[in-house]
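Hi,

Here is the structure I promised to send over. Have a look at it first, and then read on for what turned up in it.

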Amino acid sequence: MLCAIYKSKKKADTYLYVPKRDHFDDVPEPLMDSFGSPQFVMLINLATKDRLALADIDKVKAELSDNGFYLQLPPPTENMLDELRQQNGVERD
């Protein structure tokens with residue numbers, strides 16, 4: 001299963017996976033508008049991969065088959081102050 005990966009110029013660390021290069025027909029227009037002009041990153045064969053760096057390969061394959069695309073969002077940012085407060089049992093106001 002081939003897959004083309006694009007990164008967003010508008011949203012940092014956001015990637016769009018589609019089954020063919022420059023094939024965005026199945027991507028909803030509002031998503032394309034918020035994603036911005038896609039910048040091609042690479043073409044990969046998912047059949048030869050066991051895993052991906054930041055995405056669940058089985059979920060990517062399923063989304064590509066079911067919806068025609070997969071959107072990879074950046075991981076949530078950590079709030080180190082809240083984490084420290086939680087570790088020390090300090091409640092927020």
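Start with helix α2: its buried residues pack against β1, β2 (15–18) and β4 (70–72). Before going further, keep in mind that this is a predicted model.

Which residues of α2 are buried? They are I57, V60 and L64. If you look down the axis of α2, the buried residues fall within an arc of 60°, so they line one face of the helix. The spacing makes sense once you know that an α-helix has 3.6 residues a turn, so residues three or four places apart point the same way. Turn to the face of α2 that points away from the buried side and you'll find the exposed residues D58, S65 and D66.

Both ends of this helix deserve a look too. At the N-terminal end, D56 acts as a cap on α2, with a side-chain oxygen 2.8 Å from the backbone nitrogen of D58. Just past the helix comes G68, which takes a positive phi of about 85°.

Now for the core. The largest nonpolar core is made of eleven residues: C3, I5, Y17, I44, L46, L52, A55, I57, V60, L64 and Y70. Two elements, β1 (2–7) and α2 (57–67), give two or more residues to this core. Which element gives the most? That's α2, with three residues. Apart from this core lies another one, of ten residues, which includes V18, F24, M32 and F35.

Try clicking on Y17 in the viewer. Leaving out residues up to four places away in sequence, Y17 touches C3, A4, I5, L52, A55, V60, L64, G68, F69, Y70 and Q72. So you meet members of the core again in that list, including C3 and V60.

Next, the strands. How do β1 and β3 run relative to each other, parallel or antiparallel? They run antiparallel, and six bridges join β1 to β3 (residues 39–45). One pairing to find by eye is L2, whose bridge partner in β3 is N45. Strand β1 is also joined to β2, by four bridges, and this pair runs antiparallel as well. Here you can look for A4, which has V18 as its bridge partner in β2.

Last, the aromatic rings. Searching the whole structure gives three aromatic pairs. In one of them, the rings of Y6 and F24 have centres 4.9 Å apart and planes at 65°, so the pair counts as edge-to-face. This pair links distant parts of the chain, since Y6 sits in strand β1 and F24 in the loop between β2 and α1 (29–35), 18 residues apart. Y6 and F24 are both buried.

Y6 also pairs with F40, again edge-to-face, at 5.5 Å centre to centre and with 70° between the planes. Because Y6 lies in strand β1 and F40 in strand β3, this pair ties together parts that are 34 residues apart in sequence. Are the two rings' residues buried or exposed? Y6 has a relative accessible area of 2%, so it is buried, while F40, at 29% relative accessibility, counts as partly exposed. Taken together, ring pairs link Y6, F24 and F40 into a cluster.

That's the tour. Have fun turning it around on screen!

Cheers

How values were computed:
Residues are numbered from 1 along each chain as its sequence is written. This is a predicted model: local features need pLDDT of at least 70, side-chain atom pairs count only at pLDDT 80 or more; totals for chains, interfaces and linings use all residues. Side-chain values use heavy atoms; hydrogens and water are left out. A nonpolar core is a set of buried Ala, Val, Leu, Ile, Met, Phe, Trp, Tyr and Cys residues joined through side-chain atoms within 4.5 Å. Buried means under 20% relative accessible area, exposed over 50%, partly exposed in between (1.4 Å probe, protein chains only). Contact means heavy atoms within 4.5 Å. The arc is that of the directions from the helix axis to the C-beta atoms. A polar contact is a pair of N or O atoms within 3.5 Å; within protein, one must be able to donate a hydrogen and the other to accept it, and residues adjacent in sequence count only if both atoms are side-chain atoms. Two strands pair if DSSP finds at least two bridges between them. Rings of Phe, Tyr and Trp (its six-membered ring) pair if their centres lie within 6.5 Å; planes under 30 degrees apart count as stacked, over 60 as edge-to-face and the rest as tilted.
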